[in-house]
Amino acid sequence: MTWVLANLDRLLSLTLEHLYFSVIPVVLGLVLAIPIGWAAGLRPAVRAVLVNVSGLLYTVPSIALFVLMPVVLGTQIRSQVNVFAALTIYTLALLVRTVADGLSAVPSGVVDAATAMGYGRVRRFLEVELPLAVPVIVAGLRVAAASTVSLVTVAALVGFANLGSLFTDGFQRDIPQSVVAGIVLVLLVALVLDRIIVYVGRLLTPWTRVTSRPARVVARPASPEVAP
């Protein structure tokens with residue numbers, strides 16, 4: 001506890017850096033996954049290609065991807081763009097299938113009704129299919145956010161300060177308090193992001209917040225027996 005109190009400023013700074021590196025890729029990945037997931041649902045062949053390719057991207061080791069990004073993008077090796085691009089790819093890899101599954105779970109009757117009412121393909125997607133797919137997308141986004149928060153720590157190995165720096169410093173300098181503090185703070189960051197995503201998801205789907213009220217039982221007086 002003494003070590004934590006003596007390093008509060010550094011812990012706060014690293015936590016903010018970790019949030020910075022976590023939130024941007026999650027948002028970018030979601031923005032890119034929505035149109036790609038929609039395209040995946042247009043034809044089975046397109047879905048198979050996009051979903052399988054995105055799944056393969058997630059199998060690339062994070063360290064290799066961080067190192068490969070400067071070569072692919074032509075950026076400096078210490079550019080933050082490399083981290084954002086790599087983490088966005090991982091988020092996208094997780095969310096393409098989620099978005100496609102969420103859209104395919106929309107009842108066909110609802111889609112047909114919207115079409116019969118004169119909705120075009122784009123308007124139907126934005127106003128009918130996407131809102132109904134939000135609960136499934138939110139569930140996948142929670143997984144992607146937790147994954148991104150954990151992967152950010154790997155960026156410390158290539159020179160980007162975040163909560164992962166507490167792991168490397170703690171092991172190199174034999175400071176177990178640093179490692180424990182890093183673990184706790186990473187968990188807290190993941191939990192905060194998860195709660196924010198759940199809250200936003202509830203705001204976007206007000207029809208799911210149905211309060212079930214217990215039925216009121218009204219006692220009625222017994223009717224008098226009629227004598228024969």
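# Pockets, helices and selected residues of a predicted model

About 220 Å³ of space lies in the second largest pocket. A pocket is defined on a 1 Å grid over the protein atoms alone as an open set of points with protein on both sides within 12 Å along at least five of seven lines, where lining residues have an atom within 4 Å of a point. Grid points are joined across faces, edges and corners, and a volume is the space filled by probe spheres set on the points.

The structure is a predicted model, in which local features need pLDDT of at least 70 and side-chain atom pairs count only at pLDDT 80 or more, while totals for chains, interfaces and linings use all residues. Residues are numbered from 1 along each chain as its sequence is written, and side-chain values use heavy atoms, with hydrogens and water left out.

## The two pockets

The residues that line the second largest pocket include Trp-38, Arg-47, Leu-103, Ser-104, Arg-121 and Glu-129. Helices H5 and H7 each supply at least two residues of this lining. Helices are DSSP runs (H or I, at least four residues), as are strands (E, at least two), and they are numbered from the N terminus. By class, the lining of the second largest pocket has 5 nonpolar, 2 polar and 4 charged residues. Here Ala, Val, Leu, Ile, Met, Phe, Trp, Tyr, Cys and Pro count as nonpolar, Asp, Glu, Lys and Arg as charged, and the others, Gly among them, as polar.

The largest pocket holds about 360 Å³ of space. Its lining consists of 18 residues, and Val-26, Leu-30, Leu-141, Ile-197 and Val-200 lie nearest the centre. At least two residues of that lining come from each of helix H2 (8-40), helix H7 (121-152) and helix H9 (176-204). By class, the lining of the largest pocket has 17 nonpolar residues, 1 polar residue and no charged residues.

## The chain and helix H7

The chain contains 9 helices and 0 strands. Its radius of gyration, taken over C-alpha atoms, is 25 Å, whereas a compact globule of 228 residues would have a value near 17 Å; the globule rule is 2.2 Å times the number of residues to the power 0.38. The C-alpha trace spans about 100 × 50 × 25 Å along its principal axes.

Helix H7 has 32 residues, yet its end C-alpha atoms are only 38 Å apart, short of the 46 Å that a straight helix would reach at 1.5 Å a residue. This expected span is 1.5 Å times one less than the number of residues. A kink of about 50 degrees lies in H7 at Val-134, shortly before the proline Pro-135. The bend at a residue is the angle between axes fitted to the seven residues ending there and the seven starting there.

## Selected residues

Buried residues (under 20% relative accessible area, with exposed over 50% and partly exposed in between, for a 1.4 Å probe and protein chains only) make up 39% of the 228 residues in the chain. The table lists the accessibility of several residues.

| Residue | Relative accessible area | Class |
|---|---|---|
| Ser-104 | 52% | exposed |
| Leu-50 | 27% | partly exposed |
| Asp-174 | 66% | exposed |
| Gln-76 | 63% | exposed |
| Ala-156 | 14% | buried |

Ser-104, one of the residues lining the second largest pocket, lies in helix H5 (residues 80-104). The C-alpha atoms of Ser-104 and Val-27 are separated by 22 Å, and the two residues are 77 residues apart along the chain.

Leu-50 belongs to helix H3 (residues 44-57). Between Leu-50 and Ala-40, which are 10 residues apart in sequence, the C-alpha to C-alpha separation is 6.3 Å.

The other three residues of the table are in loops. Gln-76 is in the loop between helix H4 (62-73) and H5, and its C-alpha is 51 Å from that of Asp-112, 36 residues apart in sequence. Ala-156 is in the loop between H7 and H8. Asp-174 is in the loop between helix H8 (164-172) and H9. Asp-174 has a positive phi of about 55 degrees although it is not a glycine. Most residues other than glycine have a negative phi.

Terms used: 1 Å grid on protein atoms, 1.4 Å probe; cavity = no way out; pocket = protein on both sides within 12 Å on 5 of 7 lines; lining within 4 Å.
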